[in-house]
Amino acid sequence: MEPEVSKEAEKQPMEAEAGDPADPRDLVSSDDEIDYSVEPEFYDPAVDDVDERWAHKQRKGRTSDAVLSCPACFTTLCLDSQRHEKYVNQYRAMFVCNCKVKTDQILREGKGKRKNRKVTAVDSATPEVANKGPVYHPVCCEICSTEVGVFDEDEVYHFFNVIPSNS
């Protein structure tokens, strides 16, 4: 039940809440409330310089071909990567972040022509498969679990499903 309002009270202008510059009924749009003469407090002109110093500190002086990000959630996966000489959409790295290696799954390179080789899943319980070719483990984004590459026996990450950006 709403309280009854007298006719005189209906004619009175609504009281503005604390901090409101004007009667809300008089505003044409929310832009009328914004004071553009004052810089927003969330803007920091030096933030890019701070971020750049952080990235250089993380790389420890090494140069990188690209910064790699997850294609699904855009999370940074690697700050220090090397582009493949032949396959330009593939990268390798030793130092990563936000990556999860699935050690319970084993992948092996398929047989056939060099150009058509594929990495396929195998059953780790099969003994005859144990010593045939290099072993790879799938690598997933730790945030969204998208598969982004593989991890080899030499502890090198090979990325093929990532978004590269200039470093």
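How many helices and how many strands does the protein have? Colour by secondary structure and count: two helices and eleven strands. Keep in mind throughout that this is a predicted model.

**Stop 1: the whole chain**

Trace the chain along its sequence. The pattern reads α-α-β-β-β-β-β-β-β-β-β-β-β. Now colour by relative accessibility. Of the 167 residues in the protein, 23% are buried.

**Stop 2: the acidic patch**

Select Asp-44, Asp-48, Asp-49, Asp-51 and Glu-52. Together these residues form a negative surface patch. Show their side chains, then centre on Asp-44. Where does Asp-44 lie? Asp-44 sits in the loop between α1 (7-11) and α2 (47-59). Its relative accessibility is 41%, so Asp-44 counts as partly exposed; the exposed class begins over 50%.

**Stop 3: the cysteines**

Next, show the sulfur atoms. A disulfide is a covalent bond between the sulfur atoms of two cysteines. How many disulfides does the model contain? The count is zero. Select Cys-70 and Cys-144 to see a pair that misses the cut-off. The sulfur of Cys-144 is the nearest cysteine sulfur to that of Cys-70, at 3.5 Å. A disulfide needs the two sulfur atoms within 2.5 Å, so this pair does not qualify. Is Cys-70 buried or exposed? Cys-70 is buried, because its relative accessibility is 0%.

Move to Cys-97. Cys-97 is in no disulfide either, and its nearest cysteine sulfur, that of Cys-99, is 6.8 Å away. With a relative accessible area of 29%, Cys-97 is partly exposed.

**Stop 4: Asn-98**

Step along to Asn-98. Which loop holds Asn-98? Asn-98 is found between β4 (91-93) and β5 (99-101). Check its backbone torsions. Most residues other than glycine have a negative phi. Asn-98 has a positive phi, near 60°, and is not a glycine. Its relative accessible area is 27%, which means Asn-98 is partly exposed.

**Stop 5: Ser-145**

Finish at Ser-145. This residue belongs to the loop between β8 (135-141) and β9 (147-152). What is the phi of Ser-145? The value is positive, about 70°, although Ser-145 is not a glycine. Why does Ser-145 count as partly exposed? Its relative accessibility is 43%, and the partly exposed class runs from 20% to 50%.

**Before you close the viewer**

Put Asn-98 and Ser-145 on screen together. Asn-98 has a positive phi, and so does Ser-145. Asn-98 is in a loop, and Ser-145 is in a loop too.

Terms used
Residues numbered from 1 in each chain as written. Predicted model: local features only at pLDDT ≥ 70, side-chain atom pairs only at ≥ 80, totals over all residues. Heavy atoms only, no water. Patch = residues over 30% accessible without salt bridge, like charges linked within 9 Å, V, L, I, M, F, W, Y side chains within 5 Å. Areas by Shrake-Rupley, 256 points an atom, 1.4 Å probe, with all protein chains shown as cover. Salt bridge = Lys/Arg side-chain N within 4 Å of Asp/Glu carboxyl O. Lys, Arg positive; Asp, Glu negative; His and termini not counted. Charge placed at Lys NZ, Arg CZ, Asp CG, Glu CD. Helix = DSSP H or I, 4+ residues; strand = E, 2+ residues; numbered from the N terminus. Buried < 20%, exposed > 50% of the residue type's maximum accessible area, 1.4 Å probe, protein only.
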